Amino acid sequence: MRAVVFFIITETNLASQIILGCCFAALFYLILHFAIRMLEMGYVLRFMKPWYTHFYFFRRKLSKPQKRILEQNFAFYNRLNKKYKGYFEHRVASFMKDKDFIGRGGFTVTDEVKILISATAVMLTFGFRDYYIGIISKIVIYPEVFYSNINRAHHKGEFNPKLKALVLSWDDFKTGLAIDNDNLNLGIHEFTHAIHLNSMKERDISSTIFNDSFKQLTELLQSKPDLRERLIQSDYFRKYAFTNQFEFLAVIMETFIETPQEFKVNFPEIYSKTKQMLNFNFSGY
């Protein structure tokens with residue numbers, strides 16, 4: 001009888017020790033995680049870049065036909081080295097899996113549609129650690145210009161944060177992708193709106209860099225009226241950029257991606273802030 005009681009007490013003590021050990025381990029992990037985050041945030045605030053961007057336990061892959069779509073249609077992907085192409089493919093596959101792609105107006109969603117739209121989002125966030133753009137849950141595609149119930153007008157694209165929906169005209173999306181030097185790209189424009197709003201909502205490292213860098217750019221333009229005036233008078237940025245801060249950001253992102261060297265020469269300070277915003281350190285930029 002004493003042996004049985006001793007065994008029960010010993011087993012109870014062992015269970016208590018295990019539970020206590022797990023609690024201490026969890027507490028240690030939380031403290032360590034918080035400490036690392038604070039250290040990195042200090043680094044971010046000083047240097048405006050994360051400690052790291054790409055780290056994956058498991059990398060998704062695209063099929064050969066899917067990779068061929070990128071190779072034939074996406075110049076940014078083709079400029080990457082082999083390692084970064086692998087990262088890019090993983091992110092495209094992950095983004096496609098995370099979003100619902102919905103055809104409207106008789107439009108059929110194909111692999112080409114999903115790959116090229118996802119690749120546009122991945123390109124803009126390739127310098128981000130968190131690239132999912134959580135404020136988007138579905139992407140709606142029309143074959144051409146569509147009627148929007150939001151403001152009762154025909155649109156090429158729009159972002160609806162309440163419905164978490166990005167809406168695009170496929171004809172206009174493809175035109176923006178095909179002509180890559182006119183600073184007009186519907187996909188870049190609409191995804192920038194979503195990234196901008198997402199950065200204001202989230203508190204991850206990349207959102208902090210994006211949001212703080214845009215604030216710095218705004219302050220730069222406010223403190224230098226001559227630069228602001230030269231920007232407004234320039235034919236380099238289309239006039240739609242000066243509608244409001246959201247359209248301004250979307251237009252400079254189109255310009256940054258499509259004609260980076262011209263941007264850098266004409267407006268180096270604005271170019272530098274845009275590059276910082278995206279943490280963009282890739283060939284051609």
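This is a short tour of one protein structure, stop by stop, with something to select at each one. Keep in mind that you are looking at a predicted model.

**Stop 1: a nonpolar patch**

Select Trp51, Tyr52, Phe55, Phe57 and Phe58, and show their side chains. Together these residues make a nonpolar patch on the surface, with about 700 Å² of accessible area. Now click on Phe55 alone. This residue sits in the loop between α1 (2-47) and α2 (64-73). Is Phe55 buried or exposed? With a relative accessible area of 56%, Phe55 is exposed, because the cut-off for that word is over 50%.

**Stop 2: two packed helices**

Next, colour residues 186-201, which are helix α7, and residues 245-258, which are helix α10. Two packed helices are described by the angle between their axes and the distance between the axes. What are those values for α7 and α10? The angle is about 125°, and the axes are 8 Å apart. An angle of 125° falls outside the ranges for parallel, antiparallel and perpendicular, so α7 and α10 are oblique to each other. Turn the view until one helix lies in front of the other: α7 passes α10 in a right-handed crossing.

**Stop 3: salt bridges**

Side chains of opposite charge can pair when their charged atoms come close. How many salt bridges are there in this model? The count comes to 5, and we will visit some of them.

Start with Lys174 and Glu112. Their closest N and O atoms are 3.3 Å apart, and the two residues form a salt bridge. This pair links distant parts of the chain: Lys174 belongs to helix α6 (residues 170-178) and Glu112 to helix α5 (residues 111-124), with their positions 62 residues apart in the numbering. Lys174 is partly exposed, at 26% relative accessibility, and Glu112 is partly exposed too, at 28%.

Now select Glu202 and Lys201. Here the salt bridge has its closest N and O atoms 2.8 Å apart. Glu202 counts as partly exposed at 27% relative accessibility, whereas Lys201 is exposed at 55%.

Then move to Glu269 and Lys224, a salt bridge whose closest N and O atoms are 2.5 Å apart. Which parts of the chain does this pair link? Glu269 is in helix α12 (residues 268-278), and Lys224 is in the loop between α8 (205-223) and α9 (225-233); the two are 45 residues apart. Glu269 has a relative accessibility of 36%, so it counts as partly exposed. Lys224 is also partly exposed, at 30%.

**Stop 4: two residues with positive phi**

Most residues other than glycine have a negative phi, and most peptide bonds are trans. With that in mind, select Ile133. What is the phi of Ile133? Its phi is near 50°, a positive value in a residue other than glycine. You will find Ile133 in the loop between α5 and β2 (138-142). Ile133 is buried because its relative accessible area of 4% is under the 20% cut-off.

For the last selection, go to Asn183, in the loop between α6 and α7. The phi of Asn183 is near 60°, again positive in a residue other than glycine. Asn183 is buried as well, with a relative accessible area of 10%. If you still have α7 coloured from the second stop, use that helix to find your way to this loop.

Definitions and conventions: Residues numbered from 1 in each chain as written. Predicted model: local features only at pLDDT ≥ 70, side-chain atom pairs only at ≥ 80, totals over all residues. Heavy atoms only, no water. Patch = residues over 30% accessible without salt bridge, like charges linked within 9 Å, V, L, I, M, F, W, Y side chains within 5 Å. Areas by Shrake-Rupley, 256 points an atom, 1.4 Å probe, with all protein chains shown as cover. Salt bridge = Lys/Arg side-chain N within 4 Å of Asp/Glu carboxyl O. Helix = DSSP H or I, 4+ residues; strand = E, 2+ residues; numbered from the N terminus. Buried < 20%, exposed > 50% of the residue type's maximum accessible area, 1.4 Å probe, protein only. Axes fitted to C-alpha atoms, helices over the stretch in contact; angles between N-to-C directions. Parallel < 35°, antiparallel > 145°, perpendicular 65-115°, else oblique. Left-handed = near helix turned anticlockwise from the far one by under 90°.
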